Amino acid sequence: MVDDAAVVDWPGVWAAVAARVASHRAAGRGHLLTEDTVRLETVLVLEQFGVAPGRLAAEVLAPELAGGKLDLVVDPPGGAVVELKY
């Protein structure tokens, strides 16, 4: 298990997420993909890479963003922020 967001193999995570999203597109589900799909695939891949689900939080309020939310945070509040755009 990875205990620190700083030691996550982020290039490996993103390659795996890209492959999973590509498999949805190849299966004909491209028109159904949303940012939520990408977030869930990211969570599942992070788990494969040793990041326990309890270390993740979705839609984290960020006062610095005037009420905006962060898509995904590993080890909130001060951990790695994942902001998704799809």
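Two strands pair if DSSP finds at least two bridges between them, and strands (E, at least two residues) and helices (H or I, at least four) are DSSP runs numbered from the N terminus.

**View 1. Strand E2 beside strand E3.** Strand E2, residues 69–74, runs antiparallel to E3 and is joined to it by 3 bridges. Look for Leu72, which stands opposite Val82 in E3. This is a predicted model, in which local features need pLDDT of at least 70 and side-chain atom pairs count only at pLDDT 80 or more, while totals for chains, interfaces and linings use all residues. Residues are numbered from 1 along each chain as its sequence is written, and side-chain values use heavy atoms, leaving out hydrogens and water.

**View 2. The open sheet and its edges.** Here 3 strands line up in the order E1-E2-E3, with antiparallel pairing. Strands E1 (56–61) and E3 (80–82) each have a single partner strand and stand at the edges, so one side of each is left without a neighbour in the sheet.

**View 3. Helix H2 on the sheet.** Helix H2, residues 35–48, packs on the sheet and touches E1 and E2; contact means heavy atoms within 4.5 Å. The direction of H2 makes about 10 degrees with that of E2, where axes are lines fitted to C-alpha atoms, for helices over the stretch in contact, and angles run from 0 to 180 degrees between N-to-C directions.

**View 4. Stepping back to the protein.** The protein has 2 helices and 3 strands, following the pattern α-α-β-β-β along the sequence. Its C-alpha atoms fill a box of roughly 40 × 35 × 20 Å along the principal axes.
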